[in-house]
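Work through the exercises below with the sequence and the model open. Try each task before reading its solution.

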Amino acid sequence: MTVKVYGSTKVACPQRVMHCLFELDVDFELVPVDFEAGQHKSPAYLAKQPFGKIPYVQDGDFEFYESRAIVRYYAEKYAERNPGLLGRTPEQRALVDQWLYVDAINYDPHVYPIVFNLLILPSKGLPPNPPPAMESAKKLEEVLDIYEAQLSKTKYLAGDEFTLADLTHIPATRLVLEEVGMVSLLEGRENLKAWWVDITSRPAWKKVMQLLRN
């Protein structure tokens with residue numbers, strides 16, 4: 001049965017899920033949710049995702065949400081298709097989980113204010129609000145220094161193989177670097193820059209970007 005992903009190609013969290021499914025060669029159907037029109041706040045949608053976020057996933061009779069939980073579920077369910085994605089040993093899986101939590105707790109909270117104040121507000125016809133965005137960018141730079149140090153020791157965040165630890169960072173980082181235009185965040189961080197070029201060159205991610213352009 002085809003997996004149904006309820007979301008939008010324009011939003012980071014559904015992109016994360018689609019990327020994972022492409023990496024695992026899992027067939028899925030994107031069921032459009034008009035994020036800009038607020039469809040994710042409608043009673044029908046809230047009955048499925050009570051926090052009003054996208055995406056949620058329907059896999060047969062199983063329905064659930066939260067993009068990081070979704071990618072972890074599919075990486076485990078289809079582990080034979082890409083055994084490195086979740087980690088091949090208990091230690092590797094622990095490191096993947098570590099970076100998934102780092103992304104959610106220490107990384108994304110600095111990224112979101114940048115995207116919201118410099119990208120989302122103008123998309124709604126409102127003026128950008130640079131001060132909180134710049135404050136978050138300063139905090140993000142401190143986090144990126146930690147990433148740079150890690151990537152000086154290993155090719156990818158959780159070791160020398162691409163995993164969910166790397167995958168989960170791509171959509172929101174792309175918004176900051178490419179849509180907002182803060183490519184200067186990579187300057188002086190050569191390991192981070194090489195990592196970014198590497199992970200965004202993956203065929204599965206290119207498929208996500210093709211969906212976004214269509």
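**Exercise 1. The annotated segment**

Task: Find which residues UniProt lists for "domain: GST N-terminal", and describe the chain there.

Solution. Start with the record. The unreviewed UniProt entry lists residues 1-82 for "domain: GST N-terminal". Now turn to the model, which is predicted. Over residues 1-82, helix makes up 33% of the chain and strand 22%. Finish with the ends: their C-alpha atoms lie 20 Å apart.

**Exercise 2. Helix 1**

Task: Compare the span of helix 1 with the expected span, then decide whether helix 1 is mostly covered or mostly uncovered.

Solution. Take the span first. Helix 1 covers residues 12-23, twelve residues in total. From first C-alpha to last it reaches 16 Å, close to the 16 Å expected at 1.5 Å a residue.

Next, burial. The cut-off for buried is under 20% relative accessible area. Ten of the twelve residues in helix 1 are buried, so by this cut-off the helix is mostly covered. Among the buried residues are Ala 12, Pro 14, Val 17, Met 18 and Leu 21. The buried set also includes Arg 16, His 19 and Glu 23.

Last, look just past the helix. Asp 25 there has a positive phi of about 55 degrees.

**Exercise 3. The largest pocket**

Task: State the volume of the largest pocket, then work out which elements line it and which gives the most.

Solution. The volume is about 1,200 Å³. The lining has 40 residues. Nearest the pocket centre are Val 11, Ala 12, Phe 35, Tyr 112 and Ile 120. Ala 12 also belongs to the buried residues of helix 1.

Now assign elements. At least two lining residues come from each of helix 1, strand 2 (28-32), helix 3 (67-77), helix 4 and helix 7. Helix 4 gives the most, with nine residues.

Then sort by class. The pocket lining holds 19 nonpolar, nine polar and twelve charged residues.

**Exercise 4. The cavity**

Task: How many cavities of 30 Å³ or more does the whole structure hold, and what lines the largest?

Solution. The search finds one. The largest cavity encloses about 90 Å³. Its lining has 14 residues, and those closest to the centre are Tyr 107, Leu 144, Thr 173, Leu 177 and Leu 192.

Trace the elements. Helix 4 (90-123), helix 5 (130-151), helix 7 (170-180) and helix 8 (190-199) each give two or more residues to this lining.

Close with chemistry. The cavity lining has twelve nonpolar residues, two polar and no charged. The lining of the largest pocket, by contrast, includes twelve charged residues.

Terms used
Residues numbered from 1 in each chain as written. Predicted model: local features only at pLDDT ≥ 70, side-chain atom pairs only at ≥ 80, totals over all residues. Heavy atoms only, no water. UniProt positions renumbered as here; feature names shortened; annotations may be inferred. Helix = DSSP H or I, 4+ residues; strand = E, 2+ residues; numbered from the N terminus. 1 Å grid on protein atoms, 1.4 Å probe; cavity = no way out; pocket = protein on both sides within 12 Å on 5 of 7 lines; lining within 4 Å. Points joined across faces, edges and corners; volume = space filled by probe spheres on them. Nonpolar A, V, L, I, M, F, W, Y, C, P; charged D, E, K, R; others polar. Expected span 1.5 Å × (residues − 1). Buried < 20%, exposed > 50% of the residue type's maximum accessible area, 1.4 Å probe, protein only.
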